[in-house]
Amino acid sequence: EPKKKIKVAVIGCGSVSGQYLPHLSKCPAVELVSACDIIPERAKERAEKCDIPNQYPHIDKLLAGAEFDLLVNLTDMQEHEKLNRQAVAAGKH
């Protein structure tokens with residue numbers, strides 16, 4: 001019987017995501033559900049390449065959008081604490 005997949009949202013669709021997303025998209029335990037970036041075209045491009053159904057231009061829209069179990073933060077290091085705290089406050093891990 002197939003196990004439940006972990007629904008994953010990714011924030012930050014710049015160069016680092018080019019390393020993470022191909023691996024995550026091939027992982028049998030992962031379902032990529034959302035991509036988010038402050039440059040909407042980057043989120044759209046990564047989402048199309050990795051068959052991710054939802055794209056968002058801001059973390060507020062991501063957190064209010066499609067349900068997910070795990071947030072992978074690939075933004076600039078300076079943004080991690082702020083964005084991670086916002087996600088945790090919204091009940092996301």
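Q: Which residues does Thr75 touch, not counting residues up to four places away in sequence?
A: This is a predicted model, in which local features need pLDDT of at least 70, side-chain atom pairs count only at pLDDT 80 or more, and totals for chains, interfaces and linings use all residues. Residues are numbered from 1 along each chain as its sequence is written, and side-chain values use heavy atoms, with hydrogens and water left out. Contact means heavy atoms within 4.5 Å. Leaving out residues up to four places away in sequence, Thr75 touches Ile11, Gly12, His80 and Leu83.

Q: Where in the chain is Thr75 placed?
A: Helices (H or I, at least four residues) and strands (E, at least two) are DSSP runs, numbered from the N terminus. Thr75 belongs to neither of its two flanking elements, but to the loop between strand S4 (70–73) and helix H4 (77–89).

Q: Is Thr75 buried or exposed?
A: Buried means under 20% relative accessible area, exposed over 50%, and partly exposed in between (1.4 Å probe, protein chains only). Thr75 has 19% relative accessibility, so it counts as buried.

Q: With which side chain does the side chain of Thr75 make a polar contact?
A: A polar contact is a pair of N or O atoms within 3.5 Å; within protein, one must be able to donate a hydrogen and the other to accept it, and residues adjacent in sequence count only if both atoms are side-chain atoms. At 2.6 Å, the partner of the Thr75 side chain is Asn73.

Q: How many salt bridges are there?
A: Side chains of opposite charge can pair when their charged atoms come close. A salt bridge is a side-chain nitrogen of Lys or Arg within 4 Å of a carboxyl oxygen of Asp or Glu. By this rule the count is six.

Q: Which residue meets Asp37 in a salt bridge?
A: Asp37 sits in the loop between strand S2 (30–36) and H2, and it is buried at 4% relative accessibility. Its partner is partly exposed, with a relative accessible area of 35%. The N to O distance is 3.0 Å, and the partner is Arg42.

Q: Which backbone nitrogen does the side chain of Asp37 reach?
A: Among the residues that Asp37 touches are Gly12, Cys13 and Gly14. At 2.6 Å, the Asp37 side chain reaches the backbone nitrogen of Cys13.

Q: How many residues apart are Glu48 and Lys44?
A: They form a salt bridge with the closest N and O atoms 2.7 Å apart. Glu48 is exposed at 54%, while Lys44 is partly exposed at 44%. Both lie in helix H2 (residues 40–50), and about one turn of the helix separates them, that is, four residues.

Q: Which residue forms a salt bridge with Glu45?
A: Glu45 is partly exposed, at 41%. Its partner also lies in helix H2, four residues apart from it. The closest N and O atoms are 3.5 Å apart, and the partner is Lys49.

Q: What do the buried residues of H2 pack against?
A: In H2, the buried residues are Ala43, Arg46, Ala47 and Cys50. They lie on the same side of H2, because they cover an arc of only 100° around the axis, judged by the directions from the helix axis to the C-beta atoms. The face turned away from that side carries the exposed residues Glu41, Glu48 and Lys49. The buried residues pack against helix H1 (17–26), S2 and strand S3 (54–56).
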